[in-house]
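User: I would like to go through some side-chain surroundings in this model. Please give the cut-offs as you use them.

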Amino acid sequence: LIRGGMLTAIGFFLLPVPAMATEDDLATGERLAAVLRAGRSVISNHQTLINDESIAEKSLSGDRVVDEALQLYAQREGKSVAQENLSDLDKQLFDAQIAAMREIVDEHQDLIDAEGIGFKGFIPAVFARLVNERFAEKVGSLAETKVTAPVDIVRNRKATPDDWERNVLEDKFLTDGWERGKPFYEEVEKNGQPAFRMLIPEYYSASCLSCHGQPKGEVDVTGYPKEGGAEGDLAGAISITLFR
C-alpha cells in the first residue's frame, strides 16, 4: 500500500499513506465505461436487424460491432483510442474489453441469424453483462466492470449492487443535490484487496422507456415488469474497479 515510497509517522509506528486516486485512474475508468457504452449502443442501434426473422445472414459479426463501437467512441470522445497515450495496463484492459465484445457477438451468431424468430433477447443489457463477465475472465485480479442499478429496479441478480455500490446509488446519485452525470470514486477495499472504485450514473433515455417506462408493472417484451421510469430518471450505473 506504500505509494510513492511515502510513510506517515504516528507515535512510534510508521503507517502507509492511503492510496489516492490519480488522473490516470480516472481516465482508465472513464475509458472502460465509454467503450462499454459504445458497444452497447451499437447493439441497441441494430435491434431491428437482430430481431428481423426474415433475414438469415445479417452480417453483424464481432468485427463489425467492434469497428462501429470504436467509431462511436471516437465520435463521442473527440478522439480515437489509438490517439490516446495508453499505459501497458490500459492497453491490456482495452484489448481484453474489445476481445470480449468480439467474442460475445461471434458466439451468438446462430441466434442473431436465426430465421423465424423475432425477438432474440440479445439486447444491450444482456450484451453488456456478458462482455463484463468475459472481461473479468481475461483480466483476472486486475480489474472488474459491471452494470448495476438501485435494488428496487435491478432486473438480474448478477447485477445487484454490493454494499459500496448501493450506498453510492442511494446516498449520492438518488439525492436531489447530486450533479447529473457526475461520477463518484474513492479508494476502498474490495474482496480484501485495495482498489480504486468508480461509479458512473446512467439515466433513462426515451428509447429505454418501451421496456422501463409506463405503465409500471406491465410486462415488457423481455418478460420483465416495467419499472415506471421517466426520461431522465436514474437507470443505473457502470461500476469500475481497478485493483492495486
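User: Is F196 buried or exposed?

Analyst: This is a predicted model, in which local features need pLDDT of at least 70, side-chain atom pairs count only at pLDDT 80 or more, and totals for chains, interfaces and linings use all residues. Residues are numbered from 1 along each chain as its sequence is written, and side-chain values use heavy atoms, without hydrogens and water. Buried means under 20% relative accessible area, exposed over 50%, and partly exposed in between (1.4 Å probe, protein chains only). Because its relative accessibility is 0%, F196 counts as buried.

User: How is the aromatic pair of Y185 and F196 classed?

Analyst: Rings of Phe, Tyr and Trp (its six-membered ring) pair if their centres lie within 6.5 Å; planes under 30 degrees apart are stacked, over 60 edge-to-face, and the rest tilted. For Y185 and F196 the centres are 6.0 Å apart and the planes 40° apart, so by these limits the pair is tilted.

User: Why does Y185 count as partly exposed?

Analyst: Unlike a buried residue, a partly exposed one falls between the two limits of 20% and 50%. Y185 is partly exposed because its relative accessible area is 37%.

User: Which side chain makes a polar contact with the side chain of E144?

Analyst: A polar contact is a pair of N or O atoms within 3.5 Å; within protein, one must be able to donate a hydrogen and the other to accept it, and residues adjacent in sequence count only if both atoms are side-chain atoms. At 2.5 Å, the partner of E144 is K190.
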